[in-house]
Amino acid sequence: MLLLAVKAISEEDRAFLAEHDIDVVTPDTITDAQISDVVISYAWDNRIGDKILAQPDSKLKWIQTQSAGVDYLPLQTLKERGIMVTNASGLKAEPIAQTVLSYILYFARGLNVYATRQHWEPFTDQYMVSELPVLVFGTGRIGQQIAAQIKGFGGTVYGVNTTGRA
């Protein structure tokens with residue numbers, strides 16, 4: 001079985017795959033003769049992906065994306081061909097939520113003001129996270145994790161999404 005590694009795969013993972021009779025090629029090492037033999041694409045590269053999908057005898061069965069969203073893929077073509085797509089939804093939810101929380105704290109606690117001052121002077125326009133309602137656009141895994149972080153500080157969170165889902 002042939003796996004196209006658009007994103008880097010560790011040597012340890014390559015060894016594991018080899019033990020299970022999965023050969024790994026990259027966009028730099030794949031040959032024209034191997035294009036139709038790719039069964040799994042680890043991430044997606046439009047240039048190579050289009051070549052794979054153009055092969056009438058393509059063996060592509062599965063694409064594992066590195067993102068939560070998959071709207072950049074040729075979804076209709078993949079559906080018509082029965083090619084499975086899995087995403088990385090939630091994989092980066094916690095670190096992204098912590099970054100968002102750090103920005104909220106940065107401004108709520110007035111660090112943006114203190115960071116530019118050369119001398120001490122009181123700054124009273126500071127807030128506790130629990131005093132500030134937070135509006136999160138997107139209630140997927142990242143939005144849910146942001147909400148959990150804010151709630152951990154006693155904050156109130158409102159979520160907005162495009163589906164109307166509670």
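Colleague: Why does Tyr-114 count as partly exposed?

Modeller: This is a predicted model, and in it Tyr-114 has 23% relative accessibility. Partly exposed is what lies between under 20% for buried and over 50% for exposed, so Tyr-114 counts as partly exposed.

Colleague: And what makes the aromatic pair of Tyr-114 and Trp-120 stacked?

Modeller: The planes of Tyr-114 and Trp-120 are 5 degrees apart, and stacked needs under 30 degrees. Their rings sit 5.4 Å centre to centre, where the limit for a pair is within 6.5 Å.

Colleague: Why does Trp-120 count as exposed?

Modeller: Trp-120 comes out at 66% relative accessibility. Exposed starts over 50%, so Trp-120 counts as exposed.

Colleague: How many aromatic pairs does the structure hold?

Modeller: There are two aromatic pairs. Tyr-106 and Phe-107 form one that is edge-to-face, with 85 degrees between the planes and 5.0 Å centre to centre. Edge-to-face asks for over 60 degrees. As for Tyr-106, 30% relative accessibility makes this residue partly exposed.

Colleague: On to the helices. What makes H4 oblique to H6?

Modeller: Helix H4 (residues 93-108) and helix H6 (residues 141-152) pack at about 50 degrees, their axes 8 Å apart. Under 35 degrees would be roughly parallel, and roughly perpendicular runs from 65 to 115. The angle of about 50 degrees falls in neither range, so H4 is oblique to H6. The crossing of H4 past H6 is right-handed.

Colleague: Which residues of H4 and H6 meet?

Modeller: From H4, Ala-93, Glu-94, Ile-96, Ala-97, Gln-98, Val-100, Leu-101 and Ile-104 meet Arg-141, Ile-142, Gln-145, Ile-146, Gln-149 and Ile-150 of H6. By class, that contact has nine nonpolar, three polar and two charged residues.

Colleague: Now the loops. Why does Thr-26 count as buried?

Modeller: Thr-26 lies in the loop between strand E2 (23-25) and strand E3 (38-42). Its relative accessibility is 17%, and buried means under 20%, so Thr-26 counts as buried. Leaving aside residues up to four places away in sequence, Thr-26 touches Leu-4, Ala-5 and Arg-14. From Thr-26 to Ala-147 it is 38 Å, C-alpha to C-alpha, with their places 121 residues apart in sequence.

Colleague: What about Gly-69, why is that one partly exposed?

Modeller: Gly-69 is in the loop between strand E4 (62-64) and helix H3 (75-81). At 37% relative accessibility, Gly-69 counts as partly exposed, because that term covers what lies between buried, under 20%, and exposed, over 50%. The C-alpha atoms of Gly-69 and Phe-153 are separated by 29 Å, with the two residues 84 apart along the chain.

Technical notes
Residues are numbered from 1 along each chain as its sequence is written. This is a predicted model: local features need pLDDT of at least 70, side-chain atom pairs count only at pLDDT 80 or more; totals for chains, interfaces and linings use all residues. Side-chain values use heavy atoms; hydrogens and water are left out. Rings of Phe, Tyr and Trp (its six-membered ring) pair if their centres lie within 6.5 Å; planes under 30 degrees apart count as stacked, over 60 as edge-to-face and the rest as tilted. Buried means under 20% relative accessible area, exposed over 50%, partly exposed in between (1.4 Å probe, protein chains only). Axes are lines fitted to C-alpha atoms, for helices over the stretch in contact, and angles run from 0 to 180 degrees between N-to-C directions. Helices (H or I, at least four residues) and strands (E, at least two) are DSSP runs, numbered from the N terminus. Angles under 35 degrees count as roughly parallel, over 145 as roughly antiparallel, 65 to 115 as roughly perpendicular and the rest as oblique. A crossing is left-handed if the near helix is turned anticlockwise from the far one by less than a right angle, and right-handed if clockwise. Contact means heavy atoms within 4.5 Å. Ala, Val, Leu, Ile, Met, Phe, Trp, Tyr, Cys and Pro count as nonpolar, Asp, Glu, Lys and Arg as charged, and the others, Gly among them, as polar.
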